[in-house]
Amino acid sequence: MTELEDLREQNAKLRKRLQRLRRGEREDLGYLFIVTYGRSGSTLVAGLLNTLPGYLIRGENRDALHHLFLFHQKLMTESSRGPKAKLRQRTHPFFGIADFPPEKSLTGIRRLVVDTVLRPKPETRVTGFKEIRWYRPDMEEYVAWLREVFPGARFLINTRDHADVLKSKWWADGDPEANAEHLVETEGRFLALAESLGDAAYRIHYDDYVADPTVLEGMFAWLGEQWDEDTVRATMAVRHSI
């Protein structure tokens with residue numbers, strides 16, 4: 001790359017940053033998502049994270065962001081359904097679809113989610129949510145998309161002993177054997193996801209940290225936050241929905 005090309009690239013980055021600032025977007029936010037299944041102790045995990053100064057981890061949203069993922073993916077596919085020149089013709093049934101702007105879509109979705117779902121406060125440093133509906137067939141593609149929407153996003157994988165999970169009323173409906181198979185398959189995909197994400201993911205297990213809260217010290221180190229055993233134990237002493 002020549003010096004002139006380097007200057008042009010830097011200038012383009014500065015223009016994009018200025019545009020983001022003009023739109024009121026936060027550049028300083030970190031993003032953290034809890035990946036789990038129902039009755040795994042994830043509400044307690046969110047409660048522990050929210051004791052950290054500057055953290056604001058929201059609860060479930062019934063996988064609302066997955067609809068935004070499908071919106072983005074559908075338009076990406078349709079914008080490539082044929083020669084660009086033809087798709088730009090006013091006589092074409094899909095007139096205009098060729099110029100779908102992926103970057104604007106990702107930026108707009110990020111701002112929409114931050115403004116309506118996450119709603120960080122001025123003092124918020126890290127925001128995100130916990131969700132139990134990660135079991136869709138396209139989970140891996142969805143997570144990859146989330147990392148595009150939320151640069152630097154990290155994922156906390158939370159599991160629990162399957163026998164205790166399946167005893168809860170939340171899992172009472174349906175065939176017990178099918179539920180057990182679904183749980184095994186889902187957790188297997190979670191662990192494979194964690195492996196593929198490397199340092200962007202961290203695994204915790206409910207039964208381990210309930211028996212010995214100090215095992216969470218590793219999670220705090222992964223987050224880059226100070227370990228406070230007294231606060232952790234005090235938070236865990238308050239009943240959360242599990």
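Contact, as used in these exercises, means heavy atoms within 4.5 Å. The structure is a predicted model, in which local features need pLDDT of at least 70 and side-chain atom pairs count only at pLDDT 80 or more, while totals for chains, interfaces and linings use all residues. Residues are numbered from 1 along each chain as its sequence is written, and side-chain values use heavy atoms, with hydrogens and water left out.

**Exercise 1. Determine what surrounds Glu 187, and whether this residue is buried or exposed.**

Step 1. Glu 187 belongs to helix 8, which covers residues 176-197; helices (H or I, at least four residues) and strands (E, at least two) are DSSP runs, numbered from the N terminus.

Step 2. Not counting residues up to four places away in sequence, Glu 187 touches Tyr 37, Thr 159, Arg 160, His 162 and Arg 203.

Step 3. Glu 187 is buried and yet has no salt bridge, the nearest side chain of opposite charge being that of Arg 203, 4.1 Å away. Buried means under 20% relative accessible area, exposed over 50%, and partly exposed in between (1.4 Å probe, protein chains only). A salt bridge requires a side-chain nitrogen of Lys or Arg within 4 Å of a carboxyl oxygen of Asp or Glu. For charge, Lys and Arg count as positive and Asp and Glu as negative, whereas His and the chain ends are not counted.

Step 4. The side chain of Glu 187 does make a polar contact with the side chain of Tyr 37, at 2.5 Å. A polar contact is a pair of N or O atoms within 3.5 Å; within protein, one must be able to donate a hydrogen and the other to accept it, and residues adjacent in sequence count only if both atoms are side-chain atoms.

**Exercise 2. Classify the ring pair of Phe 33 and Phe 129 and state which parts of the chain this pair ties together.**

Step 1. Rings of Phe, Tyr and Trp (its six-membered ring) pair if their centres lie within 6.5 Å, and planes under 30 degrees apart count as stacked, over 60 as edge-to-face and the rest as tilted. There are 13 aromatic pairs in the structure.

Step 2. The ring centres of Phe 33 and Phe 129 are 4.9 Å apart and the planes stand at 65°, so this pair is edge-to-face.

Step 3. Because Phe 33 lies in strand 1 (residues 30-35) and Phe 129 in strand 3 (residues 126-131), the pair ties together parts that are 96 residues apart in sequence.

Step 4. Phe 33 counts as buried at 0% relative accessibility, and Phe 129 is buried as well, with a relative accessible area of 1%. Ring pairs link these two residues with Tyr 31, Phe 150 and Phe 155 into a cluster.

**Exercise 3. Locate the salt bridge between Glu 60 and Arg 133 and find which network includes these residues.**

Step 1. The structure holds 11 salt bridges, and in one of them the side chains of Glu 60 and Arg 133 meet at 3.0 Å, N to O.

Step 2. Glu 60 sits in the loop between strand 2 and helix 3, and Arg 133 in the loop between strand 3 and helix 6 (139-149), so the pair ties together parts that are 73 residues apart in sequence.

Step 3. Glu 60 is partly exposed, with a relative accessible area of 35%, whereas Arg 133 is buried, at 13%.

Step 4. A second salt bridge joins Lys 167 and Asp 164, whose closest N and O atoms are 3.3 Å apart. Both residues lie in helix 7 (residues 162-167), three residues apart, about one turn of the helix. Returning to Glu 60 and Arg 133, salt bridges that share partners join them with Lys 130 and Glu 131 into one network.

**Exercise 4. Describe the two interactions of Arg 81 with Phe 94 and Glu 78.**

Step 1. Arg 81 lies over the face of Phe 94, at 4.0 Å from the ring centre; a charge sits over a ring if NZ of Lys or CZ of Arg is within 6 Å of the ring centre and within 35 degrees of the ring normal.

Step 2. Arg 81 also forms a salt bridge with Glu 78, the closest N and O atoms being 2.6 Å apart.

Step 3. Arg 81 counts as partly exposed at 46% relative accessibility, while Glu 78, at 14%, counts as buried.
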